[in-house]
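Q: Got a minute to go through this one with me? I'd like to start with contacts.

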Amino acid sequence: MTNTPVVVIGGGAAGMMAALAARQTGAQVTLVEPNEKLGRKLYITGKGRCNLTNNTTPQGVLDHVPRNGRFLYSAVTRFPPAAVMAYFEELGVPLKTERGGRVFPCSDRAADIIDALFFALKRQGVALLRGRAEHLLLENGRAVGVMVGGEPVPAGAVVIATGGLSYPATGSTGDGYRMAKESGHTVTDLQPSLVPMVTAEEYIPRLQGLSLKNVTLSLYDGKKCVYEDFGEMMFTHFGITGPLVLSASAKVGKLLKKKYLTARIDLKPALTAEQLDARLLREFEEGKNKQFKNVAGSLFPAKLLPVMLDLGGIAPGKKVHEITREERAGFIEKTKAFPFTVTGLRGFQEAIITKGGVQVKEVDPKTMESKKTKGLYFAGEVLDLDALTGGYNLQIAWSTAHAAAMAAAEAER
């Protein structure tokens with residue numbers, strides 16, 4: 001047990017977990033949050049259902065962290081997905097595992113996760129201070145508190161868990177980056193990630209609202225394939241979104257700052273070109289005098305068909321018995337590689353997470369304590385850590401917050 005007073009800045013996922021974990025060791029804890037409600041960003045995660053982790057091993061988590069995964073090894077090993085799941089079930093939230101290992105509350109309500117954390121904070125006696133953390137109080141290279149609303153809040157340790165810049169409407173204002181810089185830390189380039197993509201072609205907005213399942217999305221830098229995966233995506237008025245696209249943004253975001261990428265969708269990945277041609281010939285045989293548009297309709301959703309007819313190189317009114325082998329091959333090529341151009345990413349307003357943050361070289365991976373300022377700890381999205389979709393980013397928040405809290409509570413005053 002310890003009596004070290006700990007101040008946690010930020011009432012999101014990482015901040016609430018840090019406050020609870022520090023309090024459970026016996027520390028006096030003050031949680032600083034300007035929003036009226038805690039966990040505002042959690043309300044919108046997983047489309048309001050809260051994909052709180054992934055039911056996998058610690059290595060399974062690290063495999064989904066494109067950069068700086070090694071930094072997370074200690075934190076994720078000590079507080080892995082299994083521990084997170086047990087933690088929330090002990091708080092009274094039954095959980096379920098869905099496709100891809102994604103873990104949700106059985107109720108499909110993000111509010112149940114937030115309420116469980118909030119009432120645990122109240123039961124444990126964590127002091128909640130409403131206000132904005134203006135700047136750190138530093139003495140002789142050590143964090144000794146924080147200024148909130150013009151008043152000093154002294155502390156033996158300070159945990160910065162302020163989130164990133166994504167979804168600024170939820171309170172992600174970048175304060176953590178500012179305070180990190182003020183205390184001598186490097187903040188790497190910040191950019192939106194797990195974010196929809198903007199496309200160039202006029203026919204993409206015509207497909208707005210169309211969801212595709214079981215397709216393969218490939219992105220190319222010239223002839224080099226820089227991303228390829230299988231799953232779900234959706235067309236919008238500006239481009240594309242959905243799980244495939246969000247994960248792609250985490251991999252190719254930096255490239256898109258400099259250049260456009262060529263995109264291809266395999267609309268029928270379960271069939272080879274030869275198998276698709278055989279299927280088309282069977283359709284032709286069954287309706288020799290039908291117009292091509294009436295036969296092709298069996299291959300695609302109604303909204304996609306006009307665009308495919310425009311791109312496919314076969315006149316929609318042409319009788320199927322008049323279509324040549326070359327014309328069939330061209331149409332099949334577009335079906336196996338539906339083409340368009342990705343010109344960029346949408347902004348922080350639509351990004352699930354922020355790529356970039358406090359440079360992890362300046363943070364102890366076991367304790368999350370700053371290597372530059374004693375008594376200062378970082379947790380969650382403020383760090384230069386980000387993962388693919390599937391609950392991995394919240395797992396990073398829980399694990400880093402737990403590590404920071406356990407160390408902060410034991411910090412020497």
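A: Sure. This is a predicted model. Leaving out residues up to four places away in sequence, Arg 279 touches Lys 268, Leu 271, Ser 298 and Leu 299.

Q: Which helix does Arg 279 lie in?
A: Helix α8, residues 273–286.

Q: How far apart are Arg 279 and Leu 299, in sequence and in space?
A: They are 20 residues apart in sequence. C-alpha to C-alpha, the separation is 9.6 Å.

Q: And is Arg 279 buried, exposed or partly exposed?
A: Partly exposed, with a relative accessible area of 23%.

Q: Switching topic. How many disulfides does a search of the whole structure find?
A: Zero.

Q: Why no bond for Cys 50?
A: Because its closest cysteine sulfur, in Cys 106, is 13 Å away, too far for a bond. The cut-off for a disulfide is 2.5 Å between the sulfur atoms.

Q: What about burial for those two cysteines?
A: Cys 50 is buried, at 0% relative accessible area. Cys 106 is partly exposed, at 40%.

Q: Now α4. Which of its residues are buried?
A: Helix α4 spans residues 81–90, and its buried residues are Pro 81, Val 84, Met 85, Tyr 87 and Phe 88.

Q: Where do they fall, seen down the axis of α4?
A: Within an arc of 160°, so they line one face of the helix.

Q: Which residues are exposed on the other side?
A: Ala 82 and Glu 90.

Q: And what follows α4?
A: Gly 92, with a positive phi near 95°.

Key:
Residues numbered from 1 in each chain as written. Predicted model: local features only at pLDDT ≥ 70, side-chain atom pairs only at ≥ 80, totals over all residues. Heavy atoms only, no water. Buried < 20%, exposed > 50% of the residue type's maximum accessible area, 1.4 Å probe, protein only. Helix = DSSP H or I, 4+ residues; strand = E, 2+ residues; numbered from the N terminus. Arc of directions from axis to C-beta. Contact = heavy atoms within 4.5 Å.
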